[in-house]
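Hi everyone, thanks for making time for this. Could you bring the structure up on your screens, and then we'll walk through it together?

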Amino acid sequence: GDAMDVDGDAGGVPPAVEAAMQAKSAELQKGRKGRKAPPSLASVADLAEYTETGRHPLHSTTKKGVTALSVDPKDESLVVTGGQDGGVIVFDKSTGKVGKTIKAHSKPVTCVQASATADVIFSGSADKVVKVWSGNVADGFSKGVAIKAHSAEVTGLSVHPTGDYIATSSMDATWAFTDVGGAAPKTLMTVSDSSVADGYSCLSFHPDGLLCGVGAAKGAVQIFDVRKQSAVASLPEHTDRVLSLDFSENGYYLATGGADGQAICWDLRKLQKNNGCIKKLDLGGNACSSVCFDHSGSYLAVASNDVKVYKAKKWELLATYEGHKAAVSSVAFAADAQSVISGSMDRNLRFFSKA
């Protein structure tokens with residue numbers, strides 16, 4: 001992967017960027033009022049009946065493992081995966097075949113995300129670099145543009161709701177905010193906190209885009225105000241590395257998963273009581289590698305040695321999907337929770353849905 005280098009620098013959020021973020025937040029909050037779950041949303045009974053409907057080995061046989069995945073919001077038949085081999089693959093579920101393989105990074109890919117607003121894929125890696133891949137399966141992808149905002153492994157990546165900015169986390173104990181909407185990416189700021197010295201291990205924007213949740217290598221979960229670059233909340237329940245976090249679409253709930261074998265659910269409206277911790281899900285001592293809400297916020301998927309799906313708010317276990325021969329590294333929902341998708345260190349991308 002030849003790449004153009006874009007050096008990061010420390011700064012802040014320019015007024016025009018802040019205004020764009022505020023406008024998008026207001027738009028999303030207005031559209032969210034009174035919204036109900038779509039009639040096409042999979043039912044509780046549906047999820048309980050899901051079986052494996054697809055299994056596809058991807059990436060290298062020598063450096064085995066699917067390490068990250070992202071369902072393309074623009075075309076949900078496409079699933080982007082990152083691998084232990086440093087590659088990025090675009091898999092087409094409709095054909096059951098690999099649409100494109102990109103030789104992306106020199107070390108394992110740690111995070112991938114397909115943009116919801118443009119033909120762009122973002123990938124982050126243990127090689128310290130984030131890359132931007134423009135294009136699509138039909139027309140091909142351009143050479144990756146490299147963003148060098150970090151001095152250690154990139155551990156998390158999240159695309160802002162505007163599509164014009166990304167946030168990334170790193171084991172260099174910083175998270176970065178980069179403008180990707182212009183002719184060339186520009187890192188606007190890198191943020192650190194004196195209470196976190198051992199690195200950030202995962203990251204995700206809040207659905208409104210004004211807050212960013214960041215997990216740390218020593219177990220802390222922090223919520224930052226992106227505009228002020230300051231931590232507005234700290235959630236200290238994990239006792240080991242936080243591996244994944246995800247906000248529900250309504251913005252009320254946060255789920256986190258850790259190497260301590262815990263998946264924890266938080267209510268951000270109740271931070272004054274038990275730090276907002278409302279449920280700890282028992283995974284039998286297995287590390288929780290990935291957590292993901294469906295878009296309606298009705299269901300939560302949790303990955304460890306298998307995949308479990310819970311009913312949000314009640315946090316009741318609805319289904320367990322098994323079959324992977326190694327740890328599950330990542331999990332996601334397709335539109336309306338009509339399928340659950342998992343990637344594993346056994347190289348397999350699996351689809352669970354109604355037969």
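Let's begin with Val180, which sits in the loop between strand S14 (175-179) and strand S15 (186-191). Please keep in mind that this is a predicted model.

Is Val180 buried or exposed? Its relative accessibility is 16%, and since buried means under 20%, Val180 counts as buried. If you look for Gly163, the C-alpha atoms of Val180 and Gly163 are 8.0 Å apart in space, with their positions 17 residues apart in sequence.

Val180 also takes us to a pocket. The second largest pocket has a volume of about 210 Å³. It is lined by 16 residues, and those closest to its centre are Val120, Val132, Ser134, Val180 and Gly182. Which strands each supply at least two residues of that lining? They include strand S8 (120-125) and strand S9 (130-136). For those of you thinking about chemistry, the lining of this pocket divides by class into 9 nonpolar, 6 polar and 1 charged residues.

Now on to the salt bridges. How many does a search of the whole structure find? The count is 12, and I'd like to show you a few of them.

Pick out Glu249 and Arg32, please. Their side chains meet in a salt bridge, at 3.3 Å from N to O. The two come from distant parts of the chain: Glu249 is in the loop between S20 and S21, Arg32 is in helix H1 (residues 15-32), and they are 217 residues apart. Glu249 is buried, with a relative accessible area of 16%. Arg32 counts as buried too, at 14% relative accessibility. So this is a salt bridge in which Glu249 is buried and Arg32 is buried as well.

My next pair is Arg350 and Glu52, a salt bridge whose closest N and O atoms are 2.2 Å apart. Why does this pair tie together separate parts of the sequence? Because Arg350 lies in strand S30 (residues 348-353) and Glu52 in strand S2 (residues 51-57), parts that are 298 residues apart in sequence. The burial of the two partners is worth a look. Arg350 is buried, with a relative accessible area of 2%, whereas Glu52 counts as partly exposed at 30% relative accessibility.

There is also a network here: salt bridges that share partners join Arg32, Arg35, Asp208 and Glu249 into one. You have already met Arg32 and Glu249 as a pair.

One last salt bridge for today is the one that Asp306 forms with Lys308, where the closest N and O atoms are 3.6 Å apart. Both Asp306 and Lys308 are buried.

Let's turn to the sheets. As a reminder, strands of a sheet pair through backbone hydrogen bonds, either parallel or antiparallel.

Here is one open sheet, made of 4 strands in the order S16-S17-S18-S19, with antiparallel pairing. Strand S16 (200-205) and strand S19 (230-235) stand at the edges with a single partner strand each, so one side of each has no neighbour in the sheet. On average, neighbouring strands of this sheet are turned by 25 degrees against each other, direction ignored. S16 is joined to strand S17 (residues 211-216) by 5 bridges, and the two run antiparallel. To find your way in, look for Cys202, whose bridge partner in S17 is Gly215.

Another open sheet has 4 strands in the order S20-S21-S22-S23, and the pairing is antiparallel. Which strands are at its edges? They are strand S20 (242-247) and strand S23 (277-282), each pairing on one side only. The twist averages 20 degrees from one strand to the next. Between S20 and strand S21 (residues 253-258), which run antiparallel, there are 5 bridges, and Val242 stands opposite Gly258 in S21. The loop between S20 and S21 is where we found Glu249.

I'll finish with strand S28 (residues 328-333). This strand is largely enclosed by the rest of the structure, because 6 of its 6 residues are buried. It is joined by 5 bridges to strand S29 (residues 340-344), and the two run antiparallel. Val328 stands opposite Ser344 in S29. The hairpin of S28 and S29 has 6 residues between the strands, and in it Asp336 takes a positive phi near 60 degrees.

Thanks for listening, and I'm happy to go back to any of these views.

Conventions:
Residues numbered from 1 in each chain as written. Predicted model: local features only at pLDDT ≥ 70, side-chain atom pairs only at ≥ 80, totals over all residues. Heavy atoms only, no water. Pairing = 2+ DSSP bridges. Axes fitted to C-alpha atoms, helices over the stretch in contact; angles between N-to-C directions. 1 Å grid on protein atoms, 1.4 Å probe; cavity = no way out; pocket = protein on both sides within 12 Å on 5 of 7 lines; lining within 4 Å. Points joined across faces, edges and corners; volume = space filled by probe spheres on them. Nonpolar A, V, L, I, M, F, W, Y, C, P; charged D, E, K, R; others polar. Salt bridge = Lys/Arg side-chain N within 4 Å of Asp/Glu carboxyl O. Buried < 20%, exposed > 50% of the residue type's maximum accessible area, 1.4 Å probe, protein only.
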